[in-house]
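Trainee: Could we go through this model together, one question at a time?
Mentor: Gladly, let's have it on the screen.

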Amino acid sequence: MAQITKRSEDYSRWYQDVIAAAEMAENSPVRGCMVIRPNGYAIWENIQRTLDDKFKELGHVNAYFPLLIPKSFLAKEAQHVEGFAKECAIVTHHRLKQVTVNGKVDLIPDPESKLEEEYIIRPTSETIIWDQYRKWIQSYRDLPLLINQWANVMRWEMRTRMFLRTTEFLWQEGHTAHATAEEGRAETLQMLEVYRWFAEDILAMPVITGAKSESERFAGAQETYSIEAMMQDKKALQAATSHDLGQNFAKAFDVKYQNAEGKVEFVWATSWGMSTRIMGALIMTHSDDDGLVLPPRIAGTKAVIIPIWRKDEEMVEVVAAAEKIAAELRPIVGAIHVDKRDNMRPGWKYAEWERKGVPLRMEIGPRDLKDDQVMMAARHDRNKQAVKIVDLVTAVPAELERIQQDLFDRAKQRLVDATVEIDTWDDFTKLFQGDGGFAHCHWCGDAACEQAIQDKTKVTIRNIPFERDETEGECVHCGNKSIGRVLFSQSY
RNA sequence: CGGGGCGUAGCGCAGCCCGGUUAGCGCGCCUGCUUCGGGAGCAGGAGGUCGGGAGUUCGAAUCUCCCCGCCCCGACCA
């Protein structure tokens, strides 16, 4: 069994070890692309379910658009090209041909099957979706158009890391069209709030909401908003984004509607997304040196029951009791696993389920049976207590709720403890040469100054928080006038 | 793409410098018995084109060249 490197020794090694030990994902033969294993995919399925329900509650519907996009589409929105052209995979042929070279059979693209117009594999779907929206939107009565897509996308990054940055990744992308700028802006902010809710209430991951600086804006957006979380190494991770696209895509793809007065106008657009990257954030927010730690609301398995026995007669009794408890609890708390394997001892099983991040463990043996109780142990703080079997229907949901809240509080405390206000360049460099963290600092608003800070320290503006100090001050780097503080940090 | 490290059984590694019988070790896996309340013990067993290709040699895991992949640091990146 692979040992998990301690966080204090090598944080990024620890991260990879946790993923391997929890059997969440592993590398594949395809460079930069990972295999998401059942333990990891179960989490993604829960993410999908929860978000999808919320999207629909707010009036969105799902659709599916092609994986391949005509190359020319990308060129239609100038900034969009600039942002994505460098990382696109391109389909150039539609057929292979067998050839024999030095007696060996090989396959090459059949030159005769070269495509007249090449396709790119979508790095994001704005272009192909907006090309379609042109056909769907004529009247203000067609608006708003609120569509989401669950899909895979591909961005040919130079350096990849499991979940955080993979060549292919899974995500949802919402693409909406509206009659007015105000409606578009309201949708953008509404979806950002959904992401904040999801991160904090479901993933127990406190975030800072705010607007991106101009240089960090999505390619083609008028305004980009993000939620930023703090990992245990005090670096920031952008957990989701929501973009107000203004009329940029409507103009690029000629999407117009006629209003009630008969006037023809371009529509207003938004897009918003959360990807499998969030699972990297989830791992780095809660897990410890013993492996994965998951908040109950997103865990694939909420609790595991470990029957303990010596003799075969005991096994029959204990397993039956465990199954009965599981059956009673499942309708209340969700997936519960009874670990009946008879080829390993309880201690081994405890360690294994701890590695895999199951939030709650119940142990039931002959001694417990006699006392009509089980031992109940929480993964994240090792709190262990005896609970009467009749009380489980209330005790288990309550304990899961305590775990959920505890994980959030713990993460929130880390965030608060590692967040400071900094006013001098000297203190700024000291902070980021040392432990790092989140720093609220004055900034002049100049992109060149922002770039200079990044070049010198690798620190970037994570966002301009909604809740921030807007009193005047001097830019932490250049000393010019500032109209408030923004959030600085090193990031993933 | 630049610098560094690594690639030998499912996992972790030794062997390589200095070429030489059937390539080892630990964990895991299979079979059996004893065990079972915090990573069990004993016995037997299965599992390898030594990342790929070419070369040097009587002989290559070991030497040379090329390629591929992974990890770390850069560059790159909603």
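Trainee: Where does a polar backbone atom of the protein sit 3.0 Å from a sugar or linking oxygen of RNA strand B?
Mentor: Keep in mind that this is a predicted model. A polar contact needs a pair of N or O atoms within 3.5 Å. The backbone atom that lies 3.0 Å from a sugar or linking oxygen of RNA strand B belongs to Trp-309.

Trainee: And which residue has a backbone N or O atom 3.0 Å from a base oxygen of the strand?
Mentor: There are other polar contacts to set beside that one: the side chain of Arg-31 has an N or O atom 3.3 Å from a phosphate oxygen of RNA strand B. For the base oxygen, the backbone atom at 3.0 Å comes from Pro-366.

Trainee: Which element gives the largest share of the surface near RNA strand B?
Mentor: The elements that give two or more residues to this surface are α1 (11-21), β13 (236-246), α10 (346-355), β19 (360-364) and α11 (366-370). The largest share is eight residues, and the element that gives it is α10.

Trainee: How many charged residues does the surface near the strand have?
Mentor: There are 41 residues around RNA strand B, and among those that come nearest are Arg-155, Arg-159, Asp-368 and Lys-458, along with Trp-171. On the strand's side, 46% of the atoms within 4 Å of the protein belong to sugar or phosphate, and the rest to bases. By class, the surface has 13 nonpolar and eight polar residues, and the number of charged ones is 20.

Trainee: Now for helix packing: are α2 and α6 parallel, perpendicular or oblique to each other?
Mentor: Helix α2 (residues 38-57) packs on helix α6 (residues 181-202) at an angle of about 140 degrees, with the axes 11 Å apart. Angles over 145 degrees count as roughly antiparallel, and 65 to 115 as roughly perpendicular. The pair is therefore oblique.

Trainee: Is the crossing of α2 and α6 left-handed or right-handed, and how many nonpolar residues make the contact?
Mentor: α2 passes α6 in a right-handed crossing. Residues of α2 in the contact include Ile-47, Leu-51 and Phe-55, and those of α6 include Met-191, Trp-197 and Ile-202. One residue of the contact is polar and one is charged, while the nonpolar count is nine.

Trainee: How is α1 oriented relative to α8?
Mentor: α1 and helix α8 (residues 277-286) pack with their axes 11 Å apart, at an angle of about 110 degrees. That angle makes α1, relative to α8, roughly perpendicular.

Trainee: How many charged residues are in the contact of α1 with α8?
Mentor: From α1 come Tyr-11, Trp-14, Tyr-15, Val-18 and Ile-19, and from α8 come Gly-280, Ile-283 and Met-284. Seven of these residues are nonpolar and one is polar, and the number of charged residues is zero.

Trainee: Last one: which two residues does a cis peptide bond join?
Mentor: Look in the loop between α5 (126-136) and β9 (145-154), where Pro-144 lies. The bond has an omega of about -5 degrees, and the residues it joins are Leu-143 and Pro-144.

Note on methods
Residues are numbered from 1 along each chain as its sequence is written. Chains are lettered from A and ligands numbered from 1 in the order in which they are written. This is a predicted model: local features need pLDDT of at least 70, side-chain atom pairs count only at pLDDT 80 or more; totals for chains, interfaces and linings use all residues. Side-chain values use heavy atoms; hydrogens and water are left out. A residue is near a molecule or strand if one of its heavy atoms lies within 4 Å of it. A polar contact is a pair of N or O atoms within 3.5 Å; within protein, one must be able to donate a hydrogen and the other to accept it, and residues adjacent in sequence count only if both atoms are side-chain atoms. Helices (H or I, at least four residues) and strands (E, at least two) are DSSP runs, numbered from the N terminus. Ala, Val, Leu, Ile, Met, Phe, Trp, Tyr, Cys and Pro count as nonpolar, Asp, Glu, Lys and Arg as charged, and the others, Gly among them, as polar. Axes are lines fitted to C-alpha atoms, for helices over the stretch in contact, and angles run from 0 to 180 degrees between N-to-C directions. Angles under 35 degrees count as roughly parallel, over 145 as roughly antiparallel, 65 to 115 as roughly perpendicular and the rest as oblique. A crossing is left-handed if the near helix is turned anticlockwise from the far one by less than a right angle, and right-handed if clockwise. Contact means heavy atoms within 4.5 Å.
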